[in-house]
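Q: Please take a close look at one part of this structure, the packing around a single helix, and set out what surrounds it. A connected account would be preferred to a list.

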Amino acid sequence: MLETIRQPWPWYIAGPLIGLTVPILLIIGNKAFGISSSLRHICAACIPANLPFFKYEWKKEIWNLFFVAGIFLGGFLGVQLFSNPLPMDIAPSLATYLGQFGITDYMGLVPSELFNWSALFTLKGFFMIVVGGFLVGFGTRYAGGCTSGHAIMGLSTLQWPSLVATCCFMAGGFLMTHLLLPYILKF
Amino acid sequence: MIKDINQDARALDTICVNESQLEHKWWHNLKYLVVGVLFGIVFVKAEIISWFRIQEMFRLESFHMYGVIGSAVMVGLISVFLIKKFDVKTIYGEKIVFHPKEFNKGNIYGGLIFGLGWAITGACPGPLFAQIGSGATVIIVTLLSAIAGTWTYGYFRDKLPH
């Protein structure tokens with residue numbers, strides 16, 4: 001049993017479990033599934049700076065912060081209790097591609113050769129860690145949601161603006177992966 | 001255009017416009033923590049928080065992420081359909097309400113910007129929290145930077161096309 005749990009879970013187990021978050025959050029408290037809002041609540045709670053966008057009763061949305069704290073704990077427990085001892089099984093073409101840039105360690109979920117504290121002070125690391133994060137935080141709020149709020153909750157409730165947003169998420173991702181990232185990884 | 005700031009700010013967001021009218025003690029929020037924990041474990045075990053899986057998705061090298069998102073949406077769709085059809089109530093007996101999202105150009109511009117960031121970090125906001133939990137401590141910087149990005153959006157919001 002534990003052996004099975006330790007293996008990476010297939011999409012047809014994980015996807016439906018993630019989809020179930022939608023009705024669970026609705027039923028336990030009438031909450032719309034969405035994660036990027038937590039970043040806004042953190043701003044509202046810590047650095048509102050008198051901006052109207054952050055002047056709202058964030059305490060009413062505190063469930064969202066409990067939820068992301070849970071995701072953090074889940075990430076911790078998932079690795080501590082059921083971690084997969086083997087390196088990740090990645091597509092051979094991805095391995096060849098990353099090999100050109102000297103990325104050959106597939107041990108962790110996050111490639112330690114790209115994301116580590118000393119890399120933070122290199123140009124490439126700064127771009128991957130700081131600029132990447134900034135684009136995620138700025139973009140999700142500008143778009144009004146992220147993969148959870150738009151792609152999963154929005155599409156589940158048949159909202160066409162969410163379909164537009166989801167297509168743009170993918171378009172931005174393809175653009176970065178194919179046109180820009182190869183230059184960034186070269187540094 | 002004068003609008004209730006709270007209402008206006010929420011209309012552009014995924015935060016719960018349909019928040020419960022009931023007053024609860026803080027520990028009622030622990031149930032969201034539990035859901036979050038289970039969710040985080042799925043993130044780790046299905047390698048959804050893996051930078052490599054996101055690269056495979058954008059390089060069309062694996063079906064995994066498409067399967068995850070696609071089947072999650074299918075289950076979400078069916079659940080929402082059933083909730084509406086049978087008028088399922090919350091555990092507190094309240095009616096479950098859905099609020100339509102209004103389209104604005106931010107869905108396009110913001111969506112593209114987020115997509116660029118997603119392919120770099122290999123993480124959307126949820127996975128950022130799980131990645132830190134999984135032991136990649138430097139991702140704390142990515143998270144702080146994402147918070148700074150959200151703040152910057154709030155600062156320039158009036159000047160951006162919507």
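A: The account below follows helix 6 of chain A and its contacts, then the aromatic residues and some backbone details. The model is predicted.

Two packed helices are described by the angle between their axes and the distance between the axes. Within its own chain, helix 6 of chain A, which spans residues 123–143, meets helix 8 of chain A, residues 160–186. Their axes come within 13 Å and cross at roughly 165 degrees. Angles over 145 degrees count as roughly antiparallel, and helix 6 of chain A is therefore roughly antiparallel to helix 8 of chain A. The crossing of these two helices is right-handed. On the side of helix 6 of chain A, the contact is made by A:Lys124, A:Phe127, A:Met128 and A:Ala143. Helix 8 of chain A contributes A:Phe169, A:Leu181, A:Ile184 and A:Leu185. By class, this contact of helix 6 with helix 8 of chain A holds seven nonpolar residues, one charged residue and no polar ones.

A further partner of helix 6 of chain A belongs to the other chain: helix 7 of chain B packs against it at an angle of about 40 degrees, with the axes 6 Å apart. This angle makes helix 6 of chain A oblique to helix 7 of chain B. Here too the crossing is right-handed. Helix 6 of chain A takes part through A:Ile129, A:Val130, A:Gly133, A:Phe134, A:Gly137, A:Phe138, A:Arg141 and A:Tyr142. From helix 7 of chain B come B:Val141, B:Thr142, B:Ser145, B:Ala146, B:Ala148, B:Gly149, B:Thr150, B:Thr152 and B:Tyr153. The residues of this contact between helix 6 of chain A and helix 7 of chain B divide into nine nonpolar, seven polar and one charged.

Several of these residues recur in an aromatic cluster. One such cluster is formed by A:Phe53, A:Phe54, A:Phe134, A:Phe138, A:Tyr142, B:Tyr109 and B:Tyr153. Over all chains, the structure has 26 aromatic pairs. Among them is the pair of A:Phe53 and B:Tyr153, whose ring centres are 5.2 Å apart and whose planes stand at 85 degrees, so the pair is edge-to-face. This pair crosses between chains: A:Phe53 sits in the loop between helix 3 (37–46) and helix 4 (62–82) of chain A, and B:Tyr153 in helix 7 (residues 139–156) of chain B. A:Phe53 counts as buried at 2% relative accessibility, and B:Tyr153 is likewise buried, at 1%.

Another aromatic pair joins A:Trp63 and A:Phe67, with ring centres 6.1 Å apart and planes at 35 degrees, so this pair is tilted. Both residues lie in helix 4 of chain A, four residues apart, about one turn of the helix. A:Trp63 and A:Phe67 are both buried.

Two backbone details complete the account. Most residues other than glycine have a negative phi. A:Asn30, by contrast, has a positive phi near 60 degrees. The residue lies in the loop between helix 2 (11–29) and helix 3 of chain A and counts as buried at 3% relative accessibility. In chain B, B:Glu47 has a positive phi of about 60 degrees although it is not a glycine. Its place is in the loop between helix 2 (30–45) and helix 3 (51–58) of chain B, and B:Glu47 is buried, with a relative accessible area of 6%.

How values were computed
Residues are numbered from 1 along each chain as its sequence is written. Chains are lettered from A and ligands numbered from 1 in the order in which they are written. This is a predicted model: local features need pLDDT of at least 70, side-chain atom pairs count only at pLDDT 80 or more; totals for chains, interfaces and linings use all residues. Side-chain values use heavy atoms; hydrogens and water are left out. Axes are lines fitted to C-alpha atoms, for helices over the stretch in contact, and angles run from 0 to 180 degrees between N-to-C directions. Angles under 35 degrees count as roughly parallel, over 145 as roughly antiparallel, 65 to 115 as roughly perpendicular and the rest as oblique. A crossing is left-handed if the near helix is turned anticlockwise from the far one by less than a right angle, and right-handed if clockwise. Contact means heavy atoms within 4.5 Å. Ala, Val, Leu, Ile, Met, Phe, Trp, Tyr, Cys and Pro count as nonpolar, Asp, Glu, Lys and Arg as charged, and the others, Gly among them, as polar. Rings of Phe, Tyr and Trp (its six-membered ring) pair if their centres lie within 6.5 Å; planes under 30 degrees apart count as stacked, over 60 as edge-to-face and the rest as tilted. Buried means under 20% relative accessible area, exposed over 50%, partly exposed in between (1.4 Å probe, protein chains only).
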